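Q: Could you take me through one part of this model closely, starting from a single side chain and working outwards? I would like to see how that part is packed and what it pairs with.

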Amino acid sequence: MLRAPAIYSAGSGLHRRLRAGTHRLVEDGSRYVSRIHADDLAALALAALERAAPRSTYVVGDHAPAPQREVVAWLCERLGLPLPPAVAVGEAPPTLRGNRQVDPRRVLGELGVTLRYPTYREGYEAIVRADEQG
């Protein structure tokens, strides 16, 4: 079993919500969020099918859990967008209310996987570049 944090890809994720104007920072944006690119999650799933012991459970994510505001600010700058407004924690989607910091070293070591997108920067940069190229 793989337990994944925020999953993103070209078709879905924070970049889409920012462009649509629907994303909101939770309070001051200090809550941590772990994430993983869908391609890396797929690689982990395949490796788990081949190498994991029966009934194994892994918590997966990339190498850069970060405060929500850090990721949003980086992506807004890259996309040429303003920072979104903030909302109270009770108004935020449940998935953004907690602090989630995943350390992927165990799963990556046991399954022998190297992430293609080790942090959100590489993952989102690839998505933005692909969008720019059409």
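A: Happy to. In this predicted model, R78 has a relative accessible area of 26%, so R78 counts as partly exposed. The side chain of R78 makes a salt bridge with E125, and their closest N and O atoms are 2.8 Å apart. That pair links distant parts of the chain, since R78 sits in helix α3 and E125 in helix α5, 47 residues apart. Side chains of opposite charge can pair when their charged atoms come close. Here the pairing extends further: salt bridges with shared partners join R78, E125, R129 and E132 into one network.

Now for the helix that carries R78. Helix α3 covers residues 68-79, which makes 12 residues, and from its first C-alpha to its last it reaches 16 Å, close to the 16 Å expected at 1.5 Å a residue. The buried residues in α3 are Q68, V71, V72, L75, C76 and L79. Viewed down the axis of α3, these buried residues fall within an arc of 125 degrees, so they line one face of the helix. The general geometry helps here: an α-helix has 3.6 residues a turn, so residues three or four places apart point the same way. The cover over the buried residues of α3 includes α1 (14-20), β3 (25-26), β4 (32-33), β5 (35-37), β7 (66-67) and α5 (120-133). After α3 comes G80, with a positive phi near 70 degrees.

What does that buried face belong to? The largest nonpolar core has 16 residues, and those with the most contacts inside it are L14, L18, V72, L75, Y120 and Y124. Helices α1, α3 and α5 each supply at least two residues of this core, and α3 gives the largest share, five residues. L18 is a good place to look at the packing: leaving aside residues up to four places away in sequence, L18 touches H23, V72, L75, C76, L81 and P84. There is also a second, separate core of 12 residues, which includes L41, V107, L108 and L115.

Aromatic rings give another view of the same neighbourhood. The count of aromatic pairs comes to two. In one, the ring centres of Y8 and Y124 are 4.3 Å apart and the planes lie at 20 degrees, so this pair is stacked. Y8 belongs to strand β2 (residues 6-8) and Y124 to helix α5, so the pair ties together parts 116 residues apart in sequence. Both partners are buried, Y8 at 1% relative accessibility and Y124 with a relative accessible area of 2%. The pair of W74 and Y120 is edge-to-face, at 5.7 Å centre to centre with 80 degrees between the planes. This pair also links distant parts of the chain, with W74 in helix α3 and Y120 in helix α5, 46 residues apart. Y120 is buried at 0% relative accessibility, whereas W74 is partly exposed, with a relative accessible area of 23%.

To put the R78 bridge in context, the structure holds 10 salt bridges. Among them is that of D103 with R105, where the closest N and O atoms are 2.5 Å apart. So helices α3 and α5 are linked through the R78–E125 salt bridge and through the W74–Y120 ring pair.

Methods:
Residues numbered from 1 in each chain as written. Heavy atoms only, no water. Helix = DSSP H or I, 4+ residues; strand = E, 2+ residues; numbered from the N terminus. Expected span 1.5 Å × (residues − 1). Buried < 20%, exposed > 50% of the residue type's maximum accessible area, 1.4 Å probe, protein only. Arc of directions from axis to C-beta. Contact = heavy atoms within 4.5 Å. Core = buried A, V, L, I, M, F, W, Y, C linked by side-chain atoms within 4.5 Å. Phe/Tyr/Trp six-rings, centres within 6.5 Å; stacked < 30°, edge-to-face > 60°. Salt bridge = Lys/Arg side-chain N within 4 Å of Asp/Glu carboxyl O.
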